[in-house]
Amino acid sequence: MERGGGSTLPGAQSGKSGGTWLILFAALLWGTTGTAQALAPPESTPGAIAALRMLLAGTALAAWAVRAEKIALQNWPVLLTVLAGTLIALYQFTIFWAMSETGVAVGTIVAMGSAPIFAGVLEYFIRGKQPIRRWYLSTFMAVAGCFFLVLEPERLYLNGFGVLLALIAGFAYAFYTLSISLLVEKRPALAVIAIVTCVGALFLLPALFQADLSWLAQTNGWLAVLHLGLIATACSYWMFARGLKTVQASTAVTLTLAEPLVAAVLGIVVVGERLNLLVSAGLLLIFSALSLFVFPAGKRVADQGREGGSRRR
């Protein structure tokens, strides 16, 4: 049986650790989206890809949930579910629009950098929970690392409207994370994410009505959509929702800053982007920030204390 994040029963700590890894794995899969889109046909558009990936992911998750008999709609919070789905669609729409207005580098860093701050504030005012202590240092390090990844004057183009859109994307991301966290407290993660993703897909469907989808006939076109829909969205969203059962929303959003880490590494290895000192420093900062959550110092000290006690006995 799945339990909420407030459990203090034996095994709760191991459940929290498992949730941390699930969210990290989800972020790793999200980090492949940029490379997948870069390898898609040039005729493809971000809006069409976003709509197709959400539609495919929602269909796959719904089929999986029905097959697993995980959907029971009695006493389901409709308004919160619609809110979560709307926020997912809003994030997809605004992040791509922000990138088109102010560039991929600035759009990504503003959205991803602001999301953990929004998450901490929202969680405090809505749930009355303060972020855990190491969240502050980890978030600062991870955001600084993201900034280093794009700190090249020729890659930076500031546009006020684009920055505003990126901030809206960061807010939507933080808010849908908190909404899903509330939904999975008493419900199966698979059912929650299936329904929320389907709602989000419905809001993005209009983007397909006037889109030219002829590029889907190309091998790299449908392969990109399959990867983005089934792997980088359906599987990752399920892991993310499952992880939110035991991990605070503010912590989860900071953990997903592993996404730009993976995206940068794939850009270097697959796309052929160059590795310089600033990028290396950014990668190291993000990795160190995530390590604070995965391998907290307090846990290491406690483990050493238990080992010392067992030796004395």
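Which residues in H6 are buried? Keep that in mind while you get your bearings; the model on your screen is predicted.

**The whole chain**

Start with everything shown as cartoon. The secondary structure comes to 14 helices and zero strands, so expect no arrows on the screen. Read along the sequence, the pattern is α-α-α-α-α-α-α-α-α-α-α-α-α-α. Now colour by accessibility: buried residues make up 48% of the 313 residues in the protein chain. If you draw contacts between residues at least 6 apart in sequence, 90% of them join residues at least 24 apart.

**Stop 1: helix H6**

Select residues 133-149, which are helix H6. Here is the reply to the opening question: Trp135, Ser138, Thr139, Met141, Ala142, Gly145, Cys146 and Leu149 are buried in H6. Looking down the helix, remember that an α-helix has 3.6 residues a turn, so residues three or four places apart point the same way.

Try a distance check between the two end C-alpha atoms of H6. They are 26 Å apart, which agrees with the 24 Å that 17 residues should span at 1.5 Å a residue.

Next, zoom in on Thr139, which lies in helix H6. Thr139 has 6% relative accessibility and therefore counts as buried, the cut-off being under 20%. Show its neighbours, leaving out residues up to four places away in sequence, and you'll find that Thr139 touches Pro116 and Thr254.

**Stop 2: H6 against H13**

Keep H6 on screen and add residues 277-294, helix H13. The two helices pack at an angle of about 160°, with their axes 7 Å apart. Angles over 145 degrees count as roughly antiparallel, and H6 and H13 are therefore roughly antiparallel to each other. Their crossing is left-handed.

Now turn on side chains along the contact. From H6, pick Arg134, Trp135, Leu137, Ser138, Met141, Ala142, Ala144, Gly145, Cys146, Phe148 and Leu149. Facing them in H13 are Leu278, Val279, Ala281, Gly282, Leu283, Leu285, Ile286, Ser288, Ala289, Leu292 and Phe293. Colour this set by class and you get 17 nonpolar, four polar and one charged residues.

**Stop 3: helix H4 and its crossing with H8**

Hide that pair and select residues 78-102, helix H4. This helix has 25 residues and reaches 36 Å from its first C-alpha to its last, close to the 36 Å expected at 1.5 Å a residue. Step just past the end of H4 to Gly103, and check its backbone: Gly103 takes a positive phi of about 95°.

Bring in helix H8, residues 189-204. H4 and H8 pack at an angle of about 50°, with their axes 7 Å apart. By that angle H4 and H8 are therefore oblique to each other. H4 passes H8 in a right-handed crossing.

For the contact itself, select Thr81, Val82, Ala84, Gly85, Thr86, Ile88, Ala89 and Gln92 of H4, then Ile195, Val196, Val199, Gly200, Phe203 and Leu204 of H8. By class, that makes nine nonpolar, five polar and no charged residues.

**Stop 4: Gly162, back to H4**

Jump to Gly162, in helix H7 (residues 160-183). Is Gly162 buried or exposed? At 0% relative accessibility, Gly162 counts as buried. Draw a line from its C-alpha to that of Thr102: Gly162 and Thr102 are 60 residues apart along the chain, yet these atoms are separated by 4.9 Å. Setting aside residues up to four places away in sequence, Gly162 touches Ala98, Glu101 and Thr102.

**Stop 5: Leu122 in H5**

Select Leu122, found in helix H5 (residues 104-127). Leu122 is buried, with a relative accessible area of 12%. Which residues does Leu122 touch, not counting those up to four places away in sequence? Show Arg127, Phe171, Ala174, Phe175 and Leu178 around Leu122. For a long jump in sequence, label Ala249 too: it sits 127 residues from Leu122 along the chain, with their C-alpha atoms separated by 9.2 Å.

**Last stop: Gly34**

Finish at Gly34, in helix H2 (residues 33-39). At 41% relative accessibility, Gly34 counts as partly exposed. Add Pro260 to the selection: Gly34 and Pro260 are 226 residues apart in sequence and 9.4 Å apart in space, C-alpha to C-alpha.

Conventions: Residues numbered from 1 in each chain as written. Predicted model: local features only at pLDDT ≥ 70, side-chain atom pairs only at ≥ 80, totals over all residues. Heavy atoms only, no water. Axes fitted to C-alpha atoms, helices over the stretch in contact; angles between N-to-C directions. Helix = DSSP H or I, 4+ residues; strand = E, 2+ residues; numbered from the N terminus. Parallel < 35°, antiparallel > 145°, perpendicular 65-115°, else oblique. Left-handed = near helix turned anticlockwise from the far one by under 90°. Contact = heavy atoms within 4.5 Å. Nonpolar A, V, L, I, M, F, W, Y, C, P; charged D, E, K, R; others polar. Expected span 1.5 Å × (residues − 1). Buried < 20%, exposed > 50% of the residue type's maximum accessible area, 1.4 Å probe, protein only.
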